[in-house]
Amino acid sequence: MTQPMLFSPLQIRGVRLKNRVVVAPMHQYSAVEGFASDWHLVNAGKYAQGGAGLVIMESTKVARNGCGTVGDTGLWNDGFIPNLARCAAFIKTHGAAAGLQLGHSGRKARLSRPWEGGKPLRGDEPEIFDWDGWELVAPSAVPHTEKSPTPRALSHNEVRDLAAKWGEAAARADAAGFDVLEIHGAHGYLIHQFLSPVANVRTDEYGGSELNRARFAIEVAEAVRAAWPAHKPLFMRLSCEDDAGFGPDQSVRLAKLLKAQGVDVIDCSSGGTLGYSPMDGERSKKYGYQVPYAERIRKEVDVMTMAVGHIVHADQAEAILQEGRADLTALAREIMYNPNWPMDAAQKLGADPDFKLVPPPYSYWLGKRAKSAFEGKPSTWTAGIADRTTTKM
């Protein structure tokens with residue numbers, strides 16, 4: 001059988017991914033004063049053990065005031081390096097490339113965790129540290145929603161300084177041993193706020209025209225690429241449709257500028273500027289609802305793209321690659337539901353009969369069962385998106 005594209009390697013600069021299954025960055029909100037914890041080690045580690053080619057850890061903040069909640073991970077000083085290095089080393093031990101996303105929440109900061117209501121904090125809640133350093137800042141003094149507090153608009157020099165902080169954090173990510181870096185320019189966070197005509201009403205060189213609003217994103221990419229080793233890949237996540245004035249046309253134009261700055265892969269997501277999630281809309285009820293963005297940018301910009309968003313089944317992910325719609329497929333909620341999704345997908349596509357994708361403590365026992373006369377199928381087994389009927393018991 002021909003090797004499925006999903007389980008064929010991909011070389012990006014000096015990093016070789018063993019397959020094209022990527023674990024998308026997912027906020028865990030479980031750090032302690034910015035420090036990654038055992039939760040992060042176990043959470044990221046289980047995805048590497050499950051066979052993913054690349055595991056990207058969550059948005060890690062480049063500045064104290066960039067933290068969205070008390071549980072955000074940080075990398076604004078060298079003290080954060082050892083805990084993250086432990087995670088990166090464990091990921092790589094199990095055959096996956098280790099990735100890290102760098103971000104800043106901007107006006108979507110100083111909030112309680114989502115499962116605690118996601119409400120603005122007062123400053124006297126448990127776990128809060130350095131409240132004064134956790135100032136709410138943004139491109140403009142425009143709140144995220146009518147019920148949100150108004151942020152302070154960043155000065156021109158502060159904007160330049162923040163771009164530099166991304167570069168400093170990139171150097172720390174390299175010191176921590178990460179193979180891949182992603183800049184978070186999506187979901188209504190700071191970079192996306194600069195891109196948005198709704199959130200950014202500045203009149204200086206960082207506001208007004210589309211190119212001016214893109215200036216901060218470009219400067220961040222430039223600063224990161226300068227600090228990040230040339231042999232290591234750089235991704236950037238964009239909200240390719242935010243339903244608020246930044247859409248696919250703007251994303252294509254920005255992707256061309258980012259490619260010129262050394263960005264290797266555009267991670268194509270959506271939403272975040274408005275006060276609701278794209279998961280709440282009609283569009284997100286469909287499988288692969290963001291794949292068209294990855295397809296268009298890949299074709300019109302001639303840059304590698306990563307598709308994400310309701311990629312659930314193995315044959316679905318394989319078709320995205322076979323049809324040339326993206327170069328990588330990323331999973332978040334589905335791989336959270338089944339951390340062994342890559343192993344499961346490889347079995348369904350006939351790519352790994354001996355379970356070599358996973359560590360020996362898994363491959364030995366699972367391979368032994370597969371070669372036995374057991375009459376059943378694993379509990380996850382369905383034919384795929386083409387036939388989602390439940391296996392008869």
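In which helix does V42 lie? Select V42 in this predicted model, and you will find that V42 belongs to helix α1. With a relative accessibility of 55%, V42 counts as exposed, because the cut-off for that class is over 50%. Keep V42 displayed and add I91, which comes 49 residues away along the chain; the C-alpha atoms of V42 and I91 are separated by 9.8 Å.

**Helix α2**

From I91, extend the selection to residues 81-93, which make up helix α2. This helix has 13 residues and reaches 18 Å from its first C-alpha to its last, which is close to the 18 Å expected at 1.5 Å a residue. Now colour I81, L84, C87, A88 and I91, the buried residues of α2. They cover an arc of only 130° around the axis, which means that they sit on the same side of the helix. If you turn to the other side of α2, you will come to P82 and T93, which are exposed.

To see what covers the buried residues of α2, show the elements that include α1 (38-49), β4 (54-61), β5 (97-103) and α3 (156-175). Before leaving this region, pick G95, just after α2, where phi is positive at about 90°.

**Helix α7**

Next select residues 291-301, which form helix α7. Here the residues to colour as buried are V291, Y293, A294, E295, I297 and V301, a set in which you will find the glutamate E295. What covers these buried residues of α7 includes the helices α6 (248-260) and α8 (314-322), together with the strands β10 (265-269) and β11 (304-308). The residue to pick after α7 is D302, which follows the helix and has a positive phi, near 55°.

**The second largest pocket**

For the last stop, select F355, R369, K377, P378 and W381 together, and centre the view on them. They surround the second largest pocket, which has a volume of about 390 Å³; of the 17 residues that line this pocket, these five are the closest to its centre. Two helices are worth showing alongside them, since α10 (341-348) and α11 (360-370) each supply at least two residues of the lining. If you then colour the lining of this pocket by residue class, the residues divide into 7 nonpolar, 7 polar and 3 charged.

Methods: Residues are numbered from 1 along each chain as its sequence is written. This is a predicted model: local features need pLDDT of at least 70, side-chain atom pairs count only at pLDDT 80 or more; totals for chains, interfaces and linings use all residues. Side-chain values use heavy atoms; hydrogens and water are left out. On a 1 Å grid over the protein atoms alone, a cavity is a set of points where a 1.4 Å probe fits but cannot get out, and a pocket is an open set with protein on both sides within 12 Å along at least five of seven lines; lining residues have an atom within 4 Å of a point. Grid points are joined across faces, edges and corners, and a volume is the space filled by probe spheres set on the points. Helices (H or I, at least four residues) and strands (E, at least two) are DSSP runs, numbered from the N terminus. Ala, Val, Leu, Ile, Met, Phe, Trp, Tyr, Cys and Pro count as nonpolar, Asp, Glu, Lys and Arg as charged, and the others, Gly among them, as polar. The expected span of a helix is 1.5 Å times one less than its number of residues. Buried means under 20% relative accessible area, exposed over 50%, partly exposed in between (1.4 Å probe, protein chains only). The arc is that of the directions from the helix axis to the C-beta atoms. Contact means heavy atoms within 4.5 Å.
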